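Biologist: I have a structure on my screen and would like to learn how to read it. Could we go through it together?

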Amino acid sequence: MKYQTQKLAYPYFIAALGLFLVQILAGVLAGTIYVFPNFLSETVPFHIIRMIHTNALLVWLLLGYFGASYFLIPEESENEIHSPKLAWLQLGIFVFAALAAVTSYLFGIHEGRELLEQPFWVKILMAIALAIFLYNVSMTVLKGRKTVVSIVLLLGLWGAFLFFLFAFYNPDNLALDKMYWWWVVHVWVEGVWELIMAAMLAFLLIKMTGVDREIIEKWLYIIVGFSLFSGLLGTGHHYYWIGTPEYWHWIGAVFSVLEVVPFFAMIIWAFYLVYRSGRDHPNKAAMLWSLGCPIMAFFGAGILGLMHSFPSINYYTHGTQLTAAHGHLAFYGAYVMLNLAFFTYALPALRGLQPFNQILNMWSFWLMTGSMTFMTISLSFAGVIQTHLQRVLDMGFMEIQSQVDLFYWFRLGSGVFFLIGALLFIYSALGPVREQVGASSFQTRPKAE
């Protein structure tokens, strides 16, 4: 490492991986309830487990972004982080808020809005932590070198903070509530988070391929333009059935098609740069995650999302298991794999080691990716059957559930294998290694920046 404050990333990565494990365990419990409906029904109801599963996902992804920012911004700005003390304060506030939210859910205290269930005071703590973080990294960039990577990253992070503020607005009118609710939920994952994804991938590709920075930045401009343009107006495909004007049908359909473009561009971008570099970087596991991320994001967030984003299809499919299939693969491909790629790249340097346990890490890649793919296929079949029986034949809901029970078993099995893959990743990233040597030999400077 070139800068001492890059070490701030390490505790963030540890906290993120801890919550990653909590999220998966909650997911396996939720999958178990699908096949054994009375499991834990008296102790921890399904809706509480689901809250923990989805909220832990969002929080650990954010912790990963924070840690990645503290690792890459010093190198990009050629400057130490503005205030390490603020970084530690931010981590304490954010982790406390996350634990407080989970504790509240277990006691039945929540706001009830899907994905935004956090109690009001927890949301305030999260907003304070985000504000501290943005001040810290923005001051670091302002005092140092300004690059396209750091500017795009800051744009995405500031966008995430500003749109999170709509979580505090909870109008009595349900249609209005849903309209602004999507300004957080959709704009985060299909808008500003894509900027964070593009910036982090750009940093990894610069470091691992050695391709000229200007070439990578030109691609970054294109991806950012499409992400913002399509992501903001693509929110319209969530407005079909909540009482908004009919013109949203057309806006939602058209811009949903365009939302696929940045994900496809990221695939071409990543593979083109790796091919152009001809460079055999010693951290092959990090390269595998970096190349797998845009591919799985394209299929999960892009193709699966597009399949039921048109009004004529969404009329039948919204709220079915097709939504769950899309959500699982989209989050895994676009953001989970992104964080795991960055952890795989940065943790050897943070621990003062050569790239280590790479075979185990790559096994975890194939286990998690294969499991998530099988889960997505299973949920897609369940969703198609559910859509036909429920929305076309008007069959009773519980009778339909018995018809798709086999696919819920498939989901549970794939969840267990995913958990094994996650444990393997954590062991490969944080576990013991045979020999400890300096990390400087693999942290070589790219050919051209």
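Biologist: Let me start with one residue: why is Leu393 called partly exposed?

Modeller: Happy to help, and keep in mind that this is a predicted model. The label depends on relative accessible area: under 20% is buried, over 50% is exposed, and partly exposed is in between. Leu393 has a relative accessible area of 49%, so Leu393 counts as partly exposed.

Biologist: Where does Leu393 lie along the chain?

Modeller: Leu393 sits in a loop, between α13 (358-392) and α14 (397-403).

Biologist: Which residues form a nonpolar patch on the surface with Leu393?

Modeller: Its partners are Trp241, Tyr315, Tyr316 and Val392, and together the patch offers about 510 Å² of accessible area. For the protein, the accessible surface comes to about 18,400 Å², with 70% of that belonging to carbon and sulfur atoms.

Biologist: How many helices and strands does the protein have?

Modeller: There are 15 helices and zero strands. The radius of gyration is 21 Å, close to the 22 Å from the globule rule for 449 residues, so the protein is as compact as a globular protein of that length. Buried residues make up 59% of the 449.

Biologist: And how is the chain divided into domains?

Modeller: The assignment gives domain 1 (1-146), domain 2 (161-281) and domain 3 (295-430). Between domain 1 and domain 2, the C-alpha centres are 21 Å apart. Their contact takes 23 residues from domain 1 and 18 residues from domain 2.

Note on methods:
Residues are numbered from 1 along each chain as its sequence is written. This is a predicted model: local features need pLDDT of at least 70, side-chain atom pairs count only at pLDDT 80 or more; totals for chains, interfaces and linings use all residues. Side-chain values use heavy atoms; hydrogens and water are left out. Patches are made of residues with over 30% relative accessible area and no salt bridge: like charges are joined within 9 Å, nonpolar side chains (Val, Leu, Ile, Met, Phe, Trp, Tyr) within 5 Å. Accessible areas come from the Shrake-Rupley method with a 1.4 Å probe; for residues, only the protein chains shown count as cover. A salt bridge is a side-chain nitrogen of Lys or Arg within 4 Å of a carboxyl oxygen of Asp or Glu. Helices (H or I, at least four residues) and strands (E, at least two) are DSSP runs, numbered from the N terminus. Buried means under 20% relative accessible area, exposed over 50%, partly exposed in between (1.4 Å probe, protein chains only). The radius of gyration is taken over C-alpha atoms; the globule rule is 2.2 Å times the number of residues to the power 0.38. Domain bounds come from an automatic or database domain assignment. Contact means heavy atoms within 4.5 Å.
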